[in-house]
Amino acid sequence: MQPLAEAVRPWLDREPWRVAGIRQESRDTVSLELEPPAGCTFSFLPGQFNMLYAFGVGEVPISVSGDPATVGPVLHTIRDVGAVTHALCTLQPGQQVGVRGPYGTHWPMAEAEGGDVLVLAGGVGLPPLRPAIYHLLAHRQRYRRIALLYGARTPGDLLFPGELAAWRGRFDLYVQVTVDAAAEDWRGDVGVVPDFIGLAPFDPATTTAFVVGPEVMILFTVRALIRAGLRDEQIFLSTERNMQCATGMCGHCQLGPFLVCRDGPVFCYRPLAPWLRRREA
Amino acid sequence: MDTLEHELRNHPFLGDLSPAYLTLLAGCAANVHFPAGAFLFREGTPADQCFLLRKGKVALEIAAGGRGPLIIQTVAAGEVTGFSWLLEPHLWQFDGRVIEPVSAVALDGRCLRAKCEDDPRLGFELMRRFATLATGRLQSARLRLLDVYGTAHATSR
């Protein structure tokens, strides 16, 4: 067993990171460019997360939303929904933040090679998938068809609109963006992500699906994927529970036999399925 | 030149119907085109057609007092819009405004109803397809009603 002094080290001996830049992504969502302290090298795999500590307020798990191949400030996209995320979203350039990580499992980028890939995101589910999209595009020849289906509440809530437009312009990427509600001037689609699965180009036999979003959206999306012919083991999702320690010690994020911070956040749907459907989990 | 029967066979909604039924339904069909900004149908007017979209995109809208039209759903190539022809009082419930130029096969509702009355097997088959379509739209509406991307579903930390 790991000695306690060693086990708690994640919270000790950590130099704070510096806010190098801020991007307002939407009304309530901000991307922070965080610069590691001198001498600290940071790398991560698509889907992994860091614990960000707003000093004196609290700590939250936030997925890395930048390009895993890029050296430099590390991007985290945060929605302002509570005390800690509000403190993080209102940081200014030059201020400091506690960072520990990366933690958790990653998207099965290697396993998906040779087949079609469906990337399905809802709301702030796009940032945890963005590193995977960068990886897919950087290694485009390793994959067959790639489709991104992204849903948001309204056109004003869409994240990374410039990047979405650039991706839509590519001939080797199918992009479908939809919103739940829109006014007359919106030229895009209105509907939910599962509605568009049947229109996307993919061969269910060779497809790997990555899904992130609110849990209700995930459940509807998984149902639609299975109706479209995918098997449970071809579907991967990133789930969220009450992650506190991120090291598998505290048990707050238990989901059946799993600790989401240690065994997730990226899971294959197959072992997770019975626990997602269970009310008590 | 593509025949209407061929167009119906190539559309996902009816493509797997028997050739005999496709021939029968082609008798109710017409090729139609609408430019961007045109309306396929207007709320409250007689619903005497349904549209199998081959190209383009249509916004289903409802006029909201003082707010301008709100888009409820968009329907694109490969999809179908219009069930009001099937159920009384046969009036459109929404506006259908063209966002991207539309090419579609329009099926005449009165003609379809007559063929369904004459051949209950065809009637059941069409009813099953439209019921599946309506159920999908209902599920979609329910999911949006949940407002899953709203803050109520976010982890509030």
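**Exercise 1. The contact between the chains**

Find how many residues of chain A and of chain B are in contact, and which elements of chain B supply the touching side.

*Solution.* Start with the count: 30 residues of chain A are in contact with 25 residues of chain B. Keep in mind as you work that this is a predicted model. Next, look at the elements of chain B. At least two residues each come from β3 (49–64), β4 (68–76) and α4 (120–145) of chain B. Of the elements on this side, β4(B) gives the most, with eight residues. Finally, sort the residues of chain B that touch chain A by class: twelve are nonpolar, ten polar and three charged.

**Exercise 2. A strand pairing across the chains**

Work out which strand of chain A pairs with β4(B), and in which sense.

*Solution.* The partner is strand β10 (residues 182–183) of chain A, and the pairing with β4(B) is antiparallel, over two bridges. To place the register, pick one residue: A:Ala182 stands opposite B:Ile71 in β4(B).

**Exercise 3. The two domains of chain A**

Give the bounds of the domains of chain A, then describe how domain 1 meets domain 2.

*Solution.* Domain 1 of chain A covers 4–103, and domain 2 covers 116–238. Their centres, taken over C-alpha atoms, are separated by 25 Å. In the contact, domain 1 of chain A takes part with 15 residues and domain 2 of chain A with 14 residues. Now turn to the domain 1 side: the elements giving two or more residues there are β1 (17–26) and β5 (74–79) of chain A. By class, this side of domain 1 has four nonpolar, seven polar and four charged residues.

**Exercise 4. An open sheet in chain A**

Trace the order of the strands in the six-stranded open sheet of chain A and name its edge strands.

*Solution.* Following the sheet across, the order is β4-β3-β6-β1-β2-β5 (chain A), with antiparallel pairing. The edges are β4 (58–63) and β5 of chain A, each of which pairs on one side only. Ignoring direction, neighbouring strands of the sheet are turned by 35 degrees against each other on average. For a closer look at one pair, take strand β3 (residues 49–54) and strand β6 (residues 96–103) of chain A, which pair in the antiparallel sense over four bridges. Within this pair, A:Met51 has A:Arg100 in β6(A) as its bridge partner.

**Exercise 5. The setting of one glutamate**

Is A:Glu33 buried, partly exposed or exposed?

*Solution.* First locate the residue: A:Glu33 is in strand β2 (residues 29–35) of chain A. Then count around the side chain: 18 other C-beta atoms lie within 10 Å, so A:Glu33 is partly exposed. Leaving out residues up to four places away in sequence, A:Glu33 touches A:Ala20, A:Gly21, A:Pro73 and A:Leu75. By contrast, look at A:Ala183, 150 residues apart from A:Glu33 along the chain: their C-alpha atoms are separated by 33 Å.

**Exercise 6. The nonpolar cores**

Find the size of the largest nonpolar core and the element that gives the most to it.

*Solution.* The largest nonpolar core has 85 residues. Among those with the most contacts inside it are A:Val119, A:Phe210 and A:Ile235. The element that gives the most to this core is β3(B), with seven residues. To see one set of contacts, follow A:Val119: beyond its neighbours within four places in sequence, its contacts include A:Leu129, A:Ile133, A:Leu148 and A:Phe210. Apart from this core lies another, of 27 residues, including A:Leu32, A:Met51, A:Val99 and A:Cys245.

Technical notes:
Residues numbered from 1 in each chain as written. Chains lettered and ligands numbered in written order. Predicted model: local features only at pLDDT ≥ 70, side-chain atom pairs only at ≥ 80, totals over all residues. Domains from an automatic or database assignment. Contact = placed C-beta atoms within 7 Å. Nonpolar A, V, L, I, M, F, W, Y, C, P; charged D, E, K, R; others polar. Pairing = 2+ DSSP bridges. Axes fitted to C-alpha atoms, helices over the stretch in contact; angles between N-to-C directions. Buried ≥ 20, exposed ≤ 12 C-beta atoms within 10 Å, placed from the backbone. Core = buried A, V, L, I, M, F, W, Y, C linked by C-beta atoms within 7 Å.
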